[in-house]
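Colleague: I should be grateful for a close look at one part of this model, namely its internal cavities. Please set the account in the context of the surrounding structure.

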Amino acid sequence: MTTSEDVSKVGSPEHVDLLKENMSRVDELSKRLAQAVALKEPHNPGLDGPNQELFARAATAYWAEMWQNPARLMEQQAAYWGQTMANFAEAQNAAKAEEEISEPAISDRRFSHGMWESNPYFRYIKQQYLTNANAIHQAVEEVEELEPIDKKRLRYFADQIVQMMAPTNFLATNPEALERALETDGQSLVDGLENLVADLEANNGEMIVRLVDENAFEVGGNLATTPGDVVFRNKMLELIQYRPTTETVHQTPIVMFPPWINKYYILDLKEKNSFVKWVTDQGYTLFVVSWINPDESYADVGMEEYIQDGYLKVIDVVKEICDVPQINAIGYCIAGTTLSLTLALLKARGDKSIKSATFFTTLTDFSDQGEFTPFLQNDFIDGIEEQVSHDGILKSWIMARTFSFLRSNDLIYRPAIRSYMMGEAPPAFDLLFWNGDGSNLPGKMAMQYLRGLCQRNEFAEEGFELLGETLKLKDVDVPLMAISCETDHIAQWTECLRGVQQMGSRSKTFVVSQSGHIAGIVNPPSRNKYGHYTNTKLKGSAAEWMEGATFNEGSWWPLWSNWLKKRSGKQVPARKPGSESYPALQDAPGSYILIKATD
């Protein structure tokens, strides 16, 4: 909070000297800024926004409606003008009275600073912004004669404009940033510009806000530390077998396939919340796949290679190392989708190598694209296809930006304000470190996934052609448990349920964990933080499932372990990693996990 002492020092010789010094640094940083921006490589404009036809259709529909019903337009405009005048009059009256406005602040974290209520100027700016935002949202809702998908996209992109234009995103209308600049003699602005330049330089001119202090973490140092060994390596993956912590283990081993969009160590961040360590401590032999971070030489690698050289090869290796006929498998997110494809393929081949399957936040029916609908239409996918045909890969920053804009206030604007206007260093937060440690995707695989699965929904409908077979969702017939998450914005639990309902398994268990895509899965029992819902009846709508569900306190991990024990065989002496045919190659977490997407 600015004090009278802060105000009184403005104009003093010391203050002027500090400002001059800081402004000279700004000039130097501005030159670096220009150089950093020049590093930006051109990319397909289709990646930056929807085809303009969307807005043209919306405008045509809006004005056609207004021509037919002009009273409706006048009613909207009158309401907008009336609210605008009321905002202005309130600000005038408050300024004349020279008194604070006592009305409680709205429940919007962007406007939590006291001056948004106490200062007439800032209160007017806030109120007018909210009035404008409401008018835009109302105008969007009034647009008729648009296809439902176009309406959903229009609503999303209009909201992005509203979020971007928030007064908190601009220095002149952010009281907290102005206050900090006054308190620090402009040092906060200099530090903020330094942060901006550093982010641009680190990302070849792309403005990607650094969310975390990257120097605070080291993979294999204070992250991904559960003891294990790499026992197999090929061009697609490294396979880690974790060292036992019990004298005996279940006979049937577990193989976990994490998504290759991110690194596997989200499940092994630190000892107290490591799913990897917890599973090992329960007396299971656990293998985890660490996928390669592909470069342009992987351009022609498709889902075929991920299944043939990934899933099927790993299953064979694990069966040989453990001398067992079957394994239990886990698939997380896109790796769960691909595990489903693999199960359908094994069914077609009469191969019973997988005894049971566990799915974490896995989509298999894409008939409802959820929050990704704006990005899964042809204008965006065409742009991605053209870009990957040039680059050979779908670069990680493209995916990261898409995910970030689904939560733009939390993952873009608030961090940008903190870093660039407040001049603060990013926090030391392991989850955000992992979130920024993304992977590229091979061009062929990315387009197979986006076109065949997401857009055409082939796996759940007519069948997905792969490796000489037509793979169908109904052919997934092993005993399974699916874990979804209540507030997951990436794989909505309602859509996960619809996919599970179509699988052909006779034994199906569906669970909804509280929280989101990550926290709902990385939910150790020791924290006793998030509960979970269960319901054995899988027929009917998602609403009916939830209405009949039982809420259970605590993590779903013990529930899953008890379910899996029945499918994991007798106890056998604990296994050391590797075998004569597959000796230990390297300590976990291996080398593939260290390959950065920018390499």
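By class, how many nonpolar, polar and charged residues does the lining of the largest cavity have?

Modeller: The lining of the largest cavity has seven nonpolar residues, three polar residues and one charged residue. Before the details, it should be said that this is a predicted model. The mean pLDDT of the protein is 86, and 84% of the residues reach 70 or more. Residues 69-75 have pLDDT below 50, and this stretch makes seven contacts beyond near neighbours in sequence. Residues 99-105 are also below 50, with twelve such contacts in the model.

The whole structure holds four cavities of 30 Å³ or more. The largest encloses about 70 Å³. Its lining includes Pro-258, Pro-259 and Trp-260, together with Asn-262, Lys-263 and Tyr-264. Ser-290, Trp-291 and Ile-292 also line this cavity, as do Ser-439 and Ile-593. The charged residue in the lining is Lys-263, because Lys is counted as charged. The three polar residues are Asn-262, Ser-290 and Ser-439.

The second largest cavity has a volume of about 60 Å³. Its lining divides into seven nonpolar and four polar residues, with no charged residue. Phe-359, Thr-362 and Thr-364 belong to this lining, as do Ala-482, Ile-483 and Ser-484. The remaining lining residues are Cys-496, Gly-499, Val-500, Met-503 and Phe-510. Strand 12 (480-485) and helix 18 (493-502) each supply at least two residues of the lining.

One residue of interest in this part of the sequence is Thr-361, which is found in the loop between strand 7 and helix 13 (378-391). Thr-361 has a positive phi of about 40° although it is not a glycine. Most residues other than glycine have a negative phi. Thr-361 is buried, because its relative accessible area is 0%.

On the other side of strand 7 (354-360), Asp-351 is found in the loop that follows helix 12 (334-349). Asp-351 counts as partly exposed because its relative accessibility is 33%. Its C-alpha atom is separated by 9.9 Å from that of Gln-326, 25 residues apart along the chain.

Two further positive phi values occur elsewhere in the model. Asn-204, just after helix 9, has a phi of about 55°. Ala-224 likewise has a positive phi of about 55° and is not a glycine. Ala-224 lies in the loop between helix 9 and strand 1 (228-233). With a relative accessible area of 3%, Ala-224 is buried.

Helix 9 itself covers residues 187-202 and has 16 residues. From its first C-alpha to its last, helix 9 reaches 22 Å, close to the 22 Å expected at 1.5 Å a residue. Its buried residues include Val-190, Leu-193, Leu-196, Val-197 and Leu-200, and also Asp-199.

A last backbone feature is the cis peptide bond between Ala-588 and Pro-589, for which omega is about 15°. Pro-589 is placed in the segment after strand 17 (586-587). Most peptide bonds are trans.

As for the whole protein, its secondary structure comes to 20 helices and 17 strands. Buried residues make up 53% of its 599 residues. Among contacts between residues at least 6 apart in sequence, 80% join residues at least 24 apart.

Methods: Residues are numbered from 1 along each chain as its sequence is written. This is a predicted model: local features need pLDDT of at least 70, side-chain atom pairs count only at pLDDT 80 or more; totals for chains, interfaces and linings use all residues. Side-chain values use heavy atoms; hydrogens and water are left out. On a 1 Å grid over the protein atoms alone, a cavity is a set of points where a 1.4 Å probe fits but cannot get out, and a pocket is an open set with protein on both sides within 12 Å along at least five of seven lines; lining residues have an atom within 4 Å of a point. Grid points are joined across faces, edges and corners, and a volume is the space filled by probe spheres set on the points. Helices (H or I, at least four residues) and strands (E, at least two) are DSSP runs, numbered from the N terminus. The expected span of a helix is 1.5 Å times one less than its number of residues. Buried means under 20% relative accessible area, exposed over 50%, partly exposed in between (1.4 Å probe, protein chains only). pLDDT is the predictor's confidence in each residue, from 0 to 100. Contact means heavy atoms within 4.5 Å.
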